[in-house]
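Here is a short briefing to read alongside the fold on your screen. Have the viewer open and follow along, topic by topic.

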Amino acid sequence: MNMGSSNILSAIDIHRDFRIAEGTVQVLKGINLTMNRSEISAVTGASGVGKSTLLHLLGGLDRPTVGSVRIGDVNLGEQSEKSLARFRNDHVGFVFQFHYLLEDFSALENVMMPLLVAGNSRHQARERGELLMEQVGLTNRAGHRPRQLSGGEQQRVAVARALANDPDIVLADEPSGNLDTETGRRLHDLIFQLNDENGTTFLIATHNNELAGKCDRILEIKHGVLGEKV
Ligand SMILES: Nc1ncnc2c1ncn2[C@@H]1O[C@H](COP(=O)(O)OP(=O)(O)O)[C@@H](O)[C@H]1O
Ligand SMILES: [Mg+2]
(Lines give C-alpha, C1' and ligand atoms only; values in the text may rest on other atoms or scores of the structure.)
(Ligands and ions follow the chains in the order given, each with its own letter.)
Protein backbone atom coordinates (compact mmCIF):
# COMPACT_ATOMS: atom_id res chain seq x y z
CA MET A 1 0.00 0.00 0.00
CA ASN A 2 2.86 2.40 0.63
CA MET A 3 0.73 4.51 2.97
CA GLY A 4 3.71 6.34 4.42
CA SER A 5 4.76 7.89 1.15
CA SER A 6 4.15 11.59 0.69
CA ASN A 7 4.36 11.12 -3.08
CA ILE A 8 0.78 11.54 -4.29
CA LEU A 9 1.27 11.78 -8.05
CA SER A 10 3.84 10.70 -10.53
CA ALA A 11 3.93 11.11 -14.27
CA ILE A 12 6.64 9.25 -16.15
CA ASP A 13 7.76 10.17 -19.67
CA ILE A 14 4.40 11.45 -20.86
CA HIS A 15 3.97 12.15 -24.54
CA ARG A 16 0.81 13.43 -26.17
CA ASP A 17 0.44 13.64 -29.92
CA PHE A 18 -2.62 15.00 -31.68
CA ARG A 19 -3.53 13.93 -35.18
CA ILE A 20 -4.79 16.77 -37.32
CA ALA A 21 -5.46 17.08 -41.05
CA GLU A 22 -1.92 18.26 -41.74
CA GLY A 23 -0.32 15.39 -39.83
CA THR A 24 0.68 14.77 -36.24
CA VAL A 25 1.44 17.48 -33.68
CA GLN A 26 3.65 16.44 -30.77
CA VAL A 27 2.52 18.66 -27.92
CA LEU A 28 4.10 16.90 -24.92
CA LYS A 29 7.41 15.17 -25.55
CA GLY A 30 8.46 13.40 -22.39
CA ILE A 31 7.09 15.05 -19.27
CA ASN A 32 8.21 13.82 -15.86
CA LEU A 33 6.61 15.07 -12.69
CA THR A 34 6.19 13.96 -9.12
CA MET A 35 4.10 15.78 -6.56
CA ASN A 36 4.03 15.39 -2.81
CA ARG A 37 0.93 15.43 -0.68
CA SER A 38 -0.12 18.98 0.37
CA GLU A 39 2.12 20.58 -2.23
CA ILE A 40 0.78 23.54 -4.20
CA SER A 41 2.53 24.07 -7.52
CA ALA A 42 2.09 26.12 -10.66
CA VAL A 43 2.39 25.06 -14.30
CA THR A 44 3.27 27.99 -16.51
CA GLY A 45 4.23 28.40 -20.15
CA ALA A 46 3.13 30.31 -23.22
CA SER A 47 -0.39 29.91 -24.56
CA GLY A 48 -0.71 26.72 -26.61
CA VAL A 49 2.30 25.05 -25.02
CA GLY A 50 0.24 22.20 -23.55
CA LYS A 51 -0.75 23.19 -19.99
CA SER A 52 -4.38 22.13 -20.36
CA THR A 53 -3.32 18.99 -22.22
CA LEU A 54 -1.05 18.06 -19.30
CA LEU A 55 -3.72 18.67 -16.65
CA HIS A 56 -6.21 16.55 -18.61
CA LEU A 57 -3.70 13.69 -18.73
CA LEU A 58 -2.79 13.97 -15.04
CA GLY A 59 -6.46 13.91 -14.05
CA GLY A 60 -7.42 10.99 -16.27
CA LEU A 61 -9.62 13.05 -18.61
CA ASP A 62 -7.34 12.03 -21.49
CA ARG A 63 -4.80 9.28 -22.03
CA PRO A 64 -1.15 9.85 -22.98
CA THR A 65 0.18 8.60 -26.33
CA VAL A 66 3.15 7.23 -24.38
CA GLY A 67 3.93 7.26 -20.66
CA SER A 68 2.14 6.67 -17.40
CA VAL A 69 0.35 8.57 -14.67
CA ARG A 70 -0.07 7.30 -11.14
CA ILE A 71 -2.20 8.93 -8.43
CA GLY A 72 -1.84 7.35 -5.01
CA ASP A 73 -1.53 3.65 -5.74
CA VAL A 74 -3.54 3.74 -8.95
CA ASN A 75 -1.97 3.55 -12.38
CA LEU A 76 -4.50 5.44 -14.53
CA GLY A 77 -3.45 3.67 -17.74
CA GLU A 78 -4.58 0.32 -16.29
CA GLN A 79 -8.14 1.52 -15.66
CA SER A 80 -11.17 0.96 -17.89
CA GLU A 81 -13.12 4.08 -18.89
CA LYS A 82 -15.74 3.23 -16.31
CA SER A 83 -13.33 2.80 -13.42
CA LEU A 84 -11.43 5.91 -14.52
CA ALA A 85 -14.66 7.95 -14.35
CA ARG A 86 -15.27 6.61 -10.86
CA PHE A 87 -11.67 7.31 -9.88
CA ARG A 88 -11.90 10.93 -11.08
CA ASN A 89 -15.07 11.52 -9.11
CA ASP A 90 -13.61 10.11 -5.91
CA HIS A 91 -9.95 11.17 -6.10
CA VAL A 92 -9.45 14.16 -8.41
CA GLY A 93 -10.86 17.68 -8.24
CA PHE A 94 -11.03 19.88 -11.33
CA VAL A 95 -11.44 23.64 -11.54
CA PHE A 96 -11.53 25.21 -14.99
CA GLN A 97 -11.49 28.77 -16.29
CA PHE A 98 -15.23 28.45 -16.87
CA HIS A 99 -17.10 27.08 -13.85
CA TYR A 100 -19.07 24.26 -15.59
CA LEU A 101 -21.65 24.29 -12.80
CA LEU A 102 -25.00 22.71 -13.63
CA GLU A 103 -27.45 25.56 -14.23
CA ASP A 104 -30.54 23.65 -13.12
CA PHE A 105 -29.18 23.02 -9.65
CA SER A 106 -28.40 25.31 -6.74
CA ALA A 107 -24.84 26.05 -5.69
CA LEU A 108 -25.16 23.64 -2.76
CA GLU A 109 -26.61 20.90 -4.97
CA ASN A 110 -23.70 21.32 -7.37
CA VAL A 111 -21.31 20.74 -4.48
CA MET A 112 -23.34 17.73 -3.30
CA MET A 113 -23.25 16.07 -6.73
CA PRO A 114 -19.82 14.36 -6.54
CA LEU A 115 -20.72 13.19 -3.03
CA LEU A 116 -23.94 11.58 -4.25
CA VAL A 117 -22.12 10.00 -7.19
CA ALA A 118 -19.62 8.57 -4.68
CA GLY A 119 -22.49 6.85 -2.86
CA ASN A 120 -23.10 9.14 0.09
CA SER A 121 -26.64 9.54 1.37
CA ARG A 122 -28.44 12.83 0.66
CA HIS A 123 -28.10 13.70 4.32
CA GLN A 124 -24.34 13.07 4.33
CA ALA A 125 -23.89 14.95 1.05
CA ARG A 126 -25.85 17.92 2.37
CA GLU A 127 -23.83 18.10 5.60
CA ARG A 128 -20.51 17.95 3.78
CA GLY A 129 -21.78 20.35 1.09
CA GLU A 130 -22.84 22.90 3.69
CA LEU A 131 -19.46 22.68 5.40
CA LEU A 132 -17.71 23.29 2.07
CA MET A 133 -19.98 26.23 1.22
CA GLU A 134 -19.02 27.67 4.57
CA GLN A 135 -15.31 27.09 3.89
CA VAL A 136 -15.52 29.03 0.62
CA GLY A 137 -17.49 31.80 2.32
CA LEU A 138 -20.81 31.24 0.54
CA THR A 139 -23.18 29.94 3.17
CA ASN A 140 -25.63 32.69 2.30
CA ARG A 141 -25.54 31.77 -1.42
CA ALA A 142 -26.20 28.03 -1.04
CA GLY A 143 -29.68 28.17 -2.61
CA HIS A 144 -28.68 30.37 -5.56
CA ARG A 145 -28.47 29.05 -9.08
CA PRO A 146 -25.09 29.53 -10.78
CA ARG A 147 -26.39 32.36 -12.97
CA GLN A 148 -27.49 34.26 -9.86
CA LEU A 149 -23.87 34.34 -8.65
CA SER A 150 -21.01 36.64 -9.60
CA GLY A 151 -18.04 35.23 -11.54
CA GLY A 152 -15.94 35.09 -8.39
CA GLU A 153 -18.71 33.32 -6.46
CA GLN A 154 -19.19 30.81 -9.29
CA GLN A 155 -15.50 29.93 -9.13
CA ARG A 156 -15.67 29.53 -5.35
CA VAL A 157 -18.53 27.07 -5.80
CA ALA A 158 -16.46 25.25 -8.43
CA VAL A 159 -13.62 25.04 -5.88
CA ALA A 160 -16.01 23.72 -3.21
CA ARG A 161 -17.27 21.09 -5.66
CA ALA A 162 -13.69 20.10 -6.53
CA LEU A 163 -13.02 19.52 -2.83
CA ALA A 164 -16.20 17.52 -2.18
CA ASN A 165 -14.64 14.08 -1.94
CA ASP A 166 -11.41 15.33 -0.32
CA PRO A 167 -9.45 14.53 -3.49
CA ASP A 168 -5.82 13.42 -3.66
CA ILE A 169 -5.18 16.35 -5.97
CA VAL A 170 -7.02 19.38 -7.36
CA LEU A 171 -6.08 20.34 -10.91
CA ALA A 172 -6.95 23.98 -11.57
CA ASP A 173 -6.70 25.23 -15.16
CA GLU A 174 -6.47 29.05 -15.22
CA PRO A 175 -9.00 29.23 -12.36
CA SER A 176 -8.92 33.03 -12.24
CA GLY A 177 -8.56 33.50 -16.00
CA ASN A 178 -12.02 35.06 -16.32
CA LEU A 179 -11.90 37.16 -13.16
CA ASP A 180 -10.77 40.73 -12.60
CA THR A 181 -7.50 41.18 -10.71
CA GLU A 182 -8.98 41.75 -7.26
CA THR A 183 -11.56 38.94 -7.51
CA GLY A 184 -8.81 36.67 -8.84
CA ARG A 185 -6.64 37.52 -5.86
CA ARG A 186 -9.41 36.57 -3.46
CA LEU A 187 -9.81 33.23 -5.24
CA HIS A 188 -6.05 32.62 -4.95
CA ASP A 189 -6.18 33.48 -1.24
CA LEU A 190 -8.97 30.94 -0.84
CA ILE A 191 -6.94 28.25 -2.63
CA PHE A 192 -3.93 28.85 -0.37
CA GLN A 193 -6.18 28.87 2.69
CA LEU A 194 -7.69 25.51 1.70
CA ASN A 195 -4.23 24.10 1.04
CA ASP A 196 -3.18 25.26 4.47
CA GLU A 197 -6.26 24.18 6.42
CA ASN A 198 -7.05 20.90 4.64
CA GLY A 199 -3.64 19.93 3.25
CA THR A 200 -5.18 19.65 -0.22
CA THR A 201 -2.65 19.18 -3.02
CA PHE A 202 -3.05 21.66 -5.89
CA LEU A 203 -1.54 21.89 -9.36
CA ILE A 204 -2.51 25.18 -11.00
CA ALA A 205 -2.00 26.08 -14.66
CA THR A 206 -1.68 29.84 -14.81
CA HIS A 207 -0.34 32.87 -16.65
CA ASN A 208 -0.51 34.85 -13.44
CA ASN A 209 3.00 35.53 -12.13
CA GLU A 210 1.75 36.76 -8.79
CA LEU A 211 -0.11 33.47 -8.24
CA ALA A 212 2.78 31.34 -9.52
CA GLY A 213 5.19 33.21 -7.27
CA LYS A 214 3.27 32.17 -4.17
CA CYS A 215 3.37 28.45 -5.04
CA ASP A 216 5.82 25.91 -3.61
CA ARG A 217 7.21 25.24 -7.10
CA ILE A 218 6.90 26.88 -10.48
CA LEU A 219 7.02 24.40 -13.35
CA GLU A 220 7.27 25.57 -16.93
CA ILE A 221 6.42 23.72 -20.12
CA LYS A 222 8.76 24.61 -22.94
CA HIS A 223 9.21 22.73 -26.21
CA GLY A 224 7.09 19.88 -24.87
CA VAL A 225 9.06 19.22 -21.69
CA LEU A 226 8.65 20.36 -18.12
CA GLY A 227 11.30 22.36 -16.35
CA GLU A 228 11.42 23.75 -12.84
CA LYS A 229 11.84 27.49 -12.34
CA VAL A 230 12.31 27.45 -8.57
N1 LIG B 1 -7.95 17.68 -29.17
C2 LIG B 1 -6.96 18.31 -29.81
N3 LIG B 1 -6.73 18.09 -31.13
C4 LIG B 1 -5.72 18.70 -31.77
N5 LIG B 1 -4.87 19.58 -31.20
C6 LIG B 1 -5.06 19.84 -29.90
C7 LIG B 1 -6.10 19.24 -29.14
N8 LIG B 1 -6.02 19.69 -27.86
C9 LIG B 1 -4.98 20.55 -27.83
N10 LIG B 1 -4.40 20.63 -29.05
C11 LIG B 1 -3.24 21.44 -29.38
O12 LIG B 1 -2.25 21.22 -28.41
C13 LIG B 1 -1.56 22.42 -28.12
C14 LIG B 1 -1.60 22.71 -26.65
O15 LIG B 1 -2.92 23.08 -26.28
P16 LIG B 1 -3.30 23.40 -24.76
O17 LIG B 1 -2.93 22.24 -23.92
O18 LIG B 1 -4.70 23.82 -24.76
O19 LIG B 1 -2.32 24.63 -24.44
P20 LIG B 1 -2.33 25.67 -23.22
O21 LIG B 1 -3.32 25.18 -22.22
O22 LIG B 1 -0.93 25.69 -22.70
O23 LIG B 1 -2.71 27.00 -23.79
C24 LIG B 1 -2.18 23.49 -29.00
O25 LIG B 1 -1.38 23.65 -30.15
C26 LIG B 1 -3.53 22.92 -29.32
O27 LIG B 1 -3.97 23.40 -30.57
MG1 LIG C 1 -5.04 26.02 -21.48
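A good place to start is a helix pair: from H3, Ala107, Leu108, Glu109, Val111, Met112, Leu115 and Leu116 make contact with Arg122, Ala125, Arg126, Arg128, Gly129, Glu130, Leu132 and Met133 of H4. By character, the residues of this H3 and H4 contact are nine nonpolar, one polar and five charged. Please keep in mind that this is a predicted model.

**How H3 and H4 cross**

- Helix H3 covers residues 107-117 and helix H4 covers residues 122-135; their axes come within 8 Å and cross at roughly 125 degrees.
- H3 is therefore oblique to H4.
- The crossing of H3 past H4 is right-handed.

**The open sheet**

- Six strands make up an open sheet with mixed pairing, and their order is E6-E7-E8-E3-E9-E10.
- Strand E6 (92-95) and strand E10 (225-228) are at the edges with a single partner strand each, so one side of each has no neighbour in the sheet.
- On average, neighbouring strands of this sheet are turned by 20 degrees against each other, with direction ignored.
- Strand E3 (residues 40-44) runs parallel to E9, and four bridges join the two.
- Within that pairing, look for Ala42, which stands opposite Ile218 in E9.
- On to the edge: strand E9 (residues 217-222) pairs with E10 in the antiparallel sense, over four bridges.
- Here Glu220 has Gly227 in E10 as its bridge partner.

**Helices lying across the sheet strands**

- Helix H2, residues 81-91, lies across E6 and strand E7 (169-173), and runs at about 75 degrees to E6.
- Helix H5, residues 151-162, also lies across E6 and E7, but H5 runs at about 170 degrees to E6.

**Helix H1 and its surroundings**

- Is helix H1 (residues 51-58) largely enclosed or left open by the rest of the structure? It is largely enclosed, because six of its eight residues are buried.
- Those buried residues are Lys51, Thr53, Leu54, Leu55, Leu57 and Leu58.
- Thr53, which lies in helix H1, has a relative accessible area of 14% and so is buried.
- Which residues does Thr53 touch, leaving aside its neighbours within four places in sequence? They are Arg16, Phe18, Val27 and Leu28.
- Just after H1 comes Gly60, with a positive phi of about 75 degrees.

**Positive phi outside glycine**

- Ser38 is not a glycine, yet its phi is positive, at about 75 degrees.
- You will find Ser38 in the loop between strand E2 (23-36) and E3, where its relative accessibility of 34% makes it partly exposed.
- His223 is not a glycine either, and its phi is positive at about 50 degrees.
- The loop between E9 and E10 holds His223; the hairpin of these strands has two residues between them.
- With 68% relative accessibility, His223 counts as exposed.

Conventions: Residues are numbered from 1 along each chain as its sequence is written. Chains are lettered from A and ligands numbered from 1 in the order in which they are written. This is a predicted model: local features need pLDDT of at least 70, side-chain atom pairs count only at pLDDT 80 or more; totals for chains, interfaces and linings use all residues. Side-chain values use heavy atoms; hydrogens and water are left out. Two strands pair if DSSP finds at least two bridges between them. Axes are lines fitted to C-alpha atoms, for helices over the stretch in contact, and angles run from 0 to 180 degrees between N-to-C directions. Contact means heavy atoms within 4.5 Å. Angles under 35 degrees count as roughly parallel, over 145 as roughly antiparallel, 65 to 115 as roughly perpendicular and the rest as oblique. A crossing is left-handed if the near helix is turned anticlockwise from the far one by less than a right angle, and right-handed if clockwise. Ala, Val, Leu, Ile, Met, Phe, Trp, Tyr, Cys and Pro count as nonpolar, Asp, Glu, Lys and Arg as charged, and the others, Gly among them, as polar. Buried means under 20% relative accessible area, exposed over 50%, partly exposed in between (1.4 Å probe, protein chains only).
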